[in-house]
Structures are given as C-alpha cells and as structure tokens.
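Colleague: Please take a close look at one part of this model for me. I would like the sheet, with whatever packs on it.

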Amino acid sequence: MSDAGESRSRLPQSRLGAASDSHTGVGFLGGGAVTQAIHLPALSHLTDLFTVRAVMDASETTARAVAARTGARATTSVDDVLNDESVDVVVVCSPPEFHAEQAIAACRAQKRAVLCEKPLATTVEDASRIVRACAETGVPLLVGTMHAFDPGWIAFAETWGPTQGSAQHIRCSVALPPNQRFEEFATEVTNRAAQVPPSPAPPVAVANLLRGGILGLATHDLPLIRVFLTDPADIVVRAVQTLAPFGYLIVFSAGEQVVELHAYVSNTWHPRWSLEAYADDRIGTVEFTPSYVQAGSATCAVRSAERQVQLGPFDHNGYVEEWRHVYEVTHGHPLRYAPSDLLADLTFALDLARRAEDALVGPTEPDGVS
Amino acid sequence: MTSLRVRASARAMRSGAIAPVVASLPVSLRPEETTTVSTELLAVDGGVDWPQHLTDAVRQVKGVLMIHPSPVLPDEVPLASSVPVVIDYRFASNPAVSTAASQFHGWPAEALVEVSALVREPTDQDRLLLDQLAILRRLGLPLVDLIRLTWTSHGYYLRGDAQSRTPVLLSSHVTSGAPPQLTVRGLATDVAVELTVPDPSTARPAVLTRTSDEGATTYPTIWETSHRAAWRRLHAAVTKATPVTDLTDLRADLCVAVHALPDR
C-alpha cells in the first residue's frame, strides 16, 4: 500500500449529492452478514451513484431475502451475476476460499470493477492469480479493507507524513463485544451463520483460531501497519498466544521495528479499536469506530512535545469511502491502492499468520532476544 | 500530628522533587538543611549505588524514603532494616493505585493485562521496569516469570505471567511526543479496567475507569503526586507503626526482573 496521505477522495462532494443518470450496477456474490450489515447500509448513503442489481447466495432463502431489500434480482448462481450486463461492479463477499475463483471470473467477465472482501485470497499464489487476471483484463480490483479508506486514517497519514520507517513501535489494540451486537445496530440480519463458541482445543485447533484472528480481525489493520515497516518481510515473532474466550496477543519485530497486536472479545459495552505509532519525537493515534455501525470515521491525533493535532471525526466511515472510490475507478480515476500493494498486504498477513502459528504450536514460548 | 525533620542529598532533592513535597506537608514534615542528630527522615536517591547509601541511612534516622530505585542484584537489597523504608516509585506510588487494586482483586487467568509506559530517555527504562513490577504487585498481580522480547534504546517489550496465571505484557516507549505516563489496562470477559498514571512532576491526577456490560465508572480524582503519597506513607510508618514491606517486595521483583534485564 502506498502512503495513504496522497489520496483524499477525488470525487467532488457535490457530485455525490446530485442525481446521476448513470447508476452503476452492483452484484453481490454472497449475501451474508457482511453484505447485509456493511455493504447495503453503506450503499444506502450512495443511492444516487449505485443500484444493486443482483444478490447471489448459496442459500436461496438468503438470496431472496437480501435481494428484496433493494429490489434486486436473487440468484444462487455465480454465472448468473457475471453474465448480467446490468451488473458493472461485482462484490465478492463469499467465504475466503472462494475469493480467487470468483474474483478472477469477474475479471474475465469484463466487469468495470471487482470489490473483494478481505482477505483477498487464502494463499499468495491465488492472490497473484487474481492480480494477473486484473492486469490481463484491465479490470480494477479493490479489497474491502475499510480502515485503509477511512477518512480518519487518510487524514492521519497526511498529517503524519511519510510512514515507512517513521515509528519504532506500532501497536494495534482491539477490544470489542461480539460482532452480532453491532450487526444488529446496522440491520436486521437474515439467516445469520451459526456462531460456534470457541473452546479449549488441541494445538492445531488453537493455531487455526489464531490464524482466523489474524486473517479475520488483524487483517483490517495489517495494511496500515505494513506501510510503517521498512522491512515487512523480516518478521520475527517474539510472543504469541490466543486468549479466551476469543482473542490473541502477538508481538513481532520487523527489522528494528516492533509491532504489538492484541485483540480481545468480551461482553463489556465499550468498544475500543486503536492503532498507535510511537516515534522518538511524536505519537500517533487512530481510534476507529467498530465495524458495522454507521458511526462515521475514525478520529486521530498526532502528539509532539506540548502540541497535539486532532483530526476528525468525518461524516463517513471507511465503507462509504470505499464505495465512493469504487465509483471513481469505474469512471476513469486511478486506483488508490495498486494491485501490487494489495498483493503485498496479503503476503504480509499470510506470512505473519504462518510465523505466528509456527511459534504457537512449536516451542511454547519463543526465546527472548537482547 | 508529629512533625518530622527531613533531609536529602542534592541528588535526591532533584529526583524526588522533595522541596515542594515537604512544603505541601508542613505539619507532618520540616526541612533540614544539614544532617544533624535530630534528622528523623532521610531521602536516598535510587541510583545504582543505592544499597550502600540505604545501609548507611538506616543507622542514622527513624525512617528512609528511597526514590525510584535502579535494579541491583536481589541479594544486594538490605532486608533487615531497623527502621521503616518506603520506596517512592515514579508511578507505582500514586495514590490511585490502591483504589485500582480493589478493581483487580480476583482478576481471572482468562484475561489480559498490559502495562505500557512513555519515558523520555532510554536510560529511564531499567528503573521503569521495577516501577511496572511494583505497580503490578500493588494491584495484586505480582509476576512470577518474565521474558524479555525486545529491548532497545527506543523501548522494550516483555511478556510475563501473574501469580494468577494472567498473561501480562509490559512495554516501554521512549519518546518526547508526550509527557511520561504509565497505563495499566486489564481486559477480562465481563470487565475492563484502565488506570493511567501521570508523571509526578505535576499533581495531575491518575484516571481510573472500570467498564462492564452495565456501563463505565470513573473514580474520583486524587490531586496528589506519587512523591507526596510516598512521604505520607513513610510518616505513618514512623509515627503510627503502619507496616511497610517495600524492600521485601522489591527483592521479590528483582528476582523476577534480573533475567529479563539486558546485560550491562
């Protein structure tokens, strides 16, 4: 990912408020909670730009129920969406193992853009195939890392300046109630996937929980963390453990820099999702709103000796900005994050997940260092 | 109330901000310019040579305040003191810590505790680690083991286990971006507790918040520095014989810290 500071939304505000005679058609592959509680509420802010044409889900009941909310067509067929000429943008919201095939098929169908939920794929090879398909077909690809599009983060990056190598310690702390609570603030979810309560499990299952935590939760912020790192390929996991009932604690170094990630899902009402960067002469803090709720952007602060710059909140969250950017790229604007950045983001996340798993199921505690 | 005569070395006067503290306790304490037989309380700076200074001090006075100690070998801590010795930690002596301790009582193993701090100079980090261990002990979460993960001139990360088996992450961030402060944050299934302790260079109050599914409670502010609270505790130990275990506790913390500190 490039430094986010260069890229404020390029779409004039007045354009968003004005009626458009060229609505961009949207087709969803997957109609689960993310489609229902994230994308449809975000699109409801942009009805002058987008029209949902089709909703595909493996469950016909879900497809029908979700499509009915926007007057779209329901289907259980991926091809049905891809062959629909009224669908300009394909949104891949299926389980991650389907992302590669569906995103590539959407490129081959010559759609105007593909928005793929995170993670882009489950392997670097699959992600590379997607990126190649985009290059070959010229179809723009976006990944739904909403924090990377959050106006609070973008304002932070502009104020902070060049990120690479600029902070010695980067800390991401996530303390949240279970997702369900926030989904219900955003919508009424149809056919919610059953929640499997985590339980004490053998090492491999614990490692899978950790991987799920990294690729499902930490993945929101890993692209933001990566832009601070001088050598993101040089990961050494210093500490890792899973936390009950669900969470993780990971400390890793990348060259001389150190990253702390922790997440804890609890029943307390107060969510807190923060990213902090510590430099010799300043401290940066970005406080994100929880996923799902339409609570506007992150707020951020850059503190230096006896001075603090506060930015935000802005009206829209990262999801709405993500969709505004989809509109921009379907109308000829360049991508904010190049495919090579998206591939590097996924490579970083998968590399961290692999190394953290190895550290967890190998020696119980990694050795300390001097 | 008994008024006790106080003296300190020049170094201790600076590190413990003793003049304003004594001035803020004019009934309990009186400053003395020179050491005399009538000196009752002596302040010792916690520089690396503090064990010798402490050993000398306890022979002369009724009570000793030791300011922000540096790490030494556990066996170097003099335990058999004939007079009370109170340690003035930069953060752990803050009066809000005792209120916070009640919130951490019975803290579950299935939880996370983090203790992070901002400091100005890399050389502050050795003492900071003892401060962090002391605050955990005073919160009822003494560590039983500690592993150094990283330690550089920019900060450190250490991973420990509390006696309750709760995982604890300790960190230090060396920066001039904000005044020094220490934050303890506990995350458990049904409750979160956060205590932010400011640097004692001002009497800016600590902030203690407890959050559960029913809401959040912020506890009353106490406009008192760690230094002043430590002097009050020493005064009470001398005049009312309230028990202090600071040196014993420090020795126990040093036993945990000694293998986690970088080689010098």
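Modeller: Here is the sheet, followed by its helices and one helix pair elsewhere in the description. The model is predicted.

Start with the strand order. Chain A has an open sheet of eight strands, running β8-β9-β10-β7-β11-β12-β13-β14. Its pairing is mixed. Two strands sit at the edges: β8 (235-242) and β14 (307-311) of chain A. Each of these pairs on one side only. On average, neighbouring strands are turned by 10° against each other, direction ignored.

Now one pair within the sheet. Strand β11 (residues 272-278) of chain A pairs with strand β12 (residues 282-288) of chain A. The sense is antiparallel, and the pairing covers six bridges. Within it, A:W273 has A:F288 of β12(A) as its bridge partner.

Next, the helices on the sheet. Helix α8 (residues 151-160) of chain A lies across β12, β13 (299-304) and β14 of chain A. Its angle to β13(A) is about 20°. Helix α13 (residues 339-361) of chain A lies across β8 and β9 (246-254) of chain A. Helix α13 of chain A runs at about 60° to β8(A).

Last, the helix pair. Helix α5 (residues 99-108) and helix α6 (residues 124-137), both of chain A, have axes that come within 9 Å and cross at roughly 5°. Therefore α5(A) is roughly parallel to α6(A). On α5(A), the contact is made by A:A100, A:A103, A:I104, A:C107 and A:R108. On α6(A), A:D126, A:R129, A:I130, A:A133, A:C134 and A:T137 contribute. The residues of this contact divide into seven nonpolar, one polar and three charged.

Notes
Residues are numbered from 1 along each chain as its sequence is written. Chains are lettered from A and ligands numbered from 1 in the order in which they are written. This is a predicted model: local features need pLDDT of at least 70, side-chain atom pairs count only at pLDDT 80 or more; totals for chains, interfaces and linings use all residues. Axes are lines fitted to C-alpha atoms, for helices over the stretch in contact, and angles run from 0 to 180 degrees between N-to-C directions. Helices (H or I, at least four residues) and strands (E, at least two) are DSSP runs, numbered from the N terminus. Angles under 35 degrees count as roughly parallel, over 145 as roughly antiparallel, 65 to 115 as roughly perpendicular and the rest as oblique. Two residues are in contact if their C-beta atoms, placed from the backbone, lie within 7 Å. Ala, Val, Leu, Ile, Met, Phe, Trp, Tyr, Cys and Pro count as nonpolar, Asp, Glu, Lys and Arg as charged, and the others, Gly among them, as polar. Two strands pair if DSSP finds at least two bridges between them.
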